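Please look over the sequence and the fold below before reading on. The report that comes after them is meant to be read alongside the coordinates.

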Amino acid sequence: MKFNLHTHTDYCDGTKKVKEMIEGALKYNYDIIGISSHGPLPFESDWTMPKDRLKDYIKEVNKLKKVYENRIKVLVGLELDYIPDFKMEYIDKEIFNELDYWIGSVHFLGKNKNGDYWTVDYNEKELRKGVEDSFEGNIKKAVETYYKYLEEMVEIYHPTILGHLDLIKKNNGNSNFFNENEKWYRDAVFSLLEKIKKGNTVIELNTGGKYRGYTLDYYPSNWILKEIKDRNIPITVSRDAHDVKSLNYDYEESIRLLTMMGFKNISCFDGEKWKELKI
Ligand SMILES: [Zn+2]
Ligand SMILES: [Zn+2]
């Protein structure tokens with residue numbers, strides 16, 4: 001059973017149409033493809049879906065679900081943002097009823113002095129300025145806040161999948177902002193894992209950062225995967241695909257890594273429930 005639930009399209013910052021991503025998934029012998037463009041935000045952005053396209057998006061994916069039903073299972077999802085000040089209250093509750101599943105992510109961590117929200121993953125300069133403006137330059141406080149937001153999102157909103165758990169490391173090459181071995185960092189991750197264990201959200205191993213050359217390893221880091229395994233928390237695998245080629249990037253390798261870590265199963269969402277697949 002080959003599946004991917006983290007797939008972007010040209011409704012957001014993906015490069016291909018929904019149909020092209022489905023055709024790509026067929027080419028790579030997928031059984032399930034979940035489409036998960038970035039949902040609309042309560043303010044302007046160039047990487048998310050404009051608010052007035054959301055209905056068309058859901059309609060189009062549902063239409064293609066029917067067209068392809070004998071060849072591949074297509075699911076309709078969204079990657080939705082937990083945003084400081086808004087949490088997820090800016091999202092129309094009705095939308096969740098129209099989705100098969102959704103991915104909950106934290107990209108925004110605060111507001112710059114000019115009032116614009118900044119993201120943890122754009123680039124090093126934006127991260128540095130954001131930490132300066134929102135956290136008086138205190139990276140520990142910024143990172144702890146990032147994990148606190150993930151905890152709140154999991155506890156209050158129960159996303160189907162938690163998106164790229166340690167995205168905050170994306171611009172931390174050479175540990176130029178923080179060291180993942182420090183106790184405070186590990187404690188922030190442990191606290192999040194405890195919250196996840198109590199709920200029904202599944203963590204994804206996300207190959208997107210490595211595919212795009214931003215990180216040397218996957219989200220989350222290997223030591224976090226080990227902690228997930230030790231706590232018996234379910235894990236799934238995702239491409240975070242923004243183009244067709246990435247659909248097939250490190251598919252076997254990422255599962256092999258989980259096997260090496262001691263995982264016996266990966267979780268696959270079939271549109272109704274999570275199933276455990278032996279690996
Ligand atoms: Zn994301
Ligand atoms: Zn994504």
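What follows describes the sheet, the core, two helices, a hairpin and one cysteine.

This is a predicted model, in which local features need pLDDT of at least 70, side-chain atom pairs count only at pLDDT 80 or more, and totals for chains, interfaces and linings use all residues. Residues are numbered from 1 along each chain as its sequence is written, and chains are lettered from A and ligands numbered from 1 in the order in which they are written.

**Sheet.** Helices (H or I, at least four residues) and strands (E, at least two) are DSSP runs numbered from the N terminus, and two strands are taken as paired if DSSP finds at least two bridges between them. On that basis 7 strands make up an open sheet with parallel pairing, in the order β1-β2-β3-β4-β7-β8-β9. At its edges stand β1 (3-4) and β9 (235-238), each with a single partner strand, so one side of each is left without a neighbour in the sheet. Helix α1 packs on this sheet, where α1 touches β1, β2 and β3, and its direction makes about 155° with that of β2; such angles run from 0 to 180 degrees between N-to-C directions, with axes fitted as lines to C-alpha atoms, for helices over the stretch in contact. The pairs β7/β8 and β10/β11 are set side by side here.

| Strand pair | Sense | Bridges | Opposed residues |
|---|---|---|---|
| β7 (161-162) and β8 (202-206) | parallel | 2 bridges | I161 and V202 |
| β10 (265-269) and β11 (274-278) | antiparallel | 5 bridges | N265 and K278 |

β10 and β11 form a hairpin with 4 residues between them, and G271 in the turn has a positive phi of about 105°.

**Core.** A residue is called buried if 20 or more other C-beta atoms lie within 10 Å of its own, exposed if 12 or fewer, and partly exposed in between, with C-beta atoms placed from the backbone. A nonpolar core is a set of buried Ala, Val, Leu, Ile, Met, Phe, Trp, Tyr and Cys residues joined through C-beta atoms within 7 Å. The largest such core has 64 residues, and I35, Y146 and L150 have the most contacts inside it; helix α5 (residues 139-157) supplies the largest share, 7 residues. Contact means that the C-beta atoms of two residues, placed from the backbone, lie within 7 Å, and L150 is in contact with V106, L162 and L192 once its neighbours within four places in sequence are set aside.

**Two helices.** In α2 (residues 54-67), Y57, V61 and L64 are buried. Seen down the axis of α2, these residues fall within an arc of 65°, so they line one face of the helix, the arc being that of the directions from the helix axis to the C-beta atoms. The face turned away from the buried side of α2 carries the exposed residues K55, D56, K59 and K66, while the cover over its buried residues includes α1 (18-27), β2 (32-35) and β3 (73-81).

In α8 (residues 222-230), I224, L225 and I228 are buried, and they fall within an arc of 105°, so they too line one face. N222 and D230 are exposed on the other side of α8, and N232, just after α8, takes a positive phi of about 55°.

**C12.** C12 is found in the loop between β1 and α1 and is buried, with 22 other C-beta atoms within 10 Å. C12 and H38 are 26 residues apart in sequence and 5.8 Å apart in space, C-alpha to C-alpha.

Note on methods: The expected span of a helix is 1.5 Å times one less than its number of residues.
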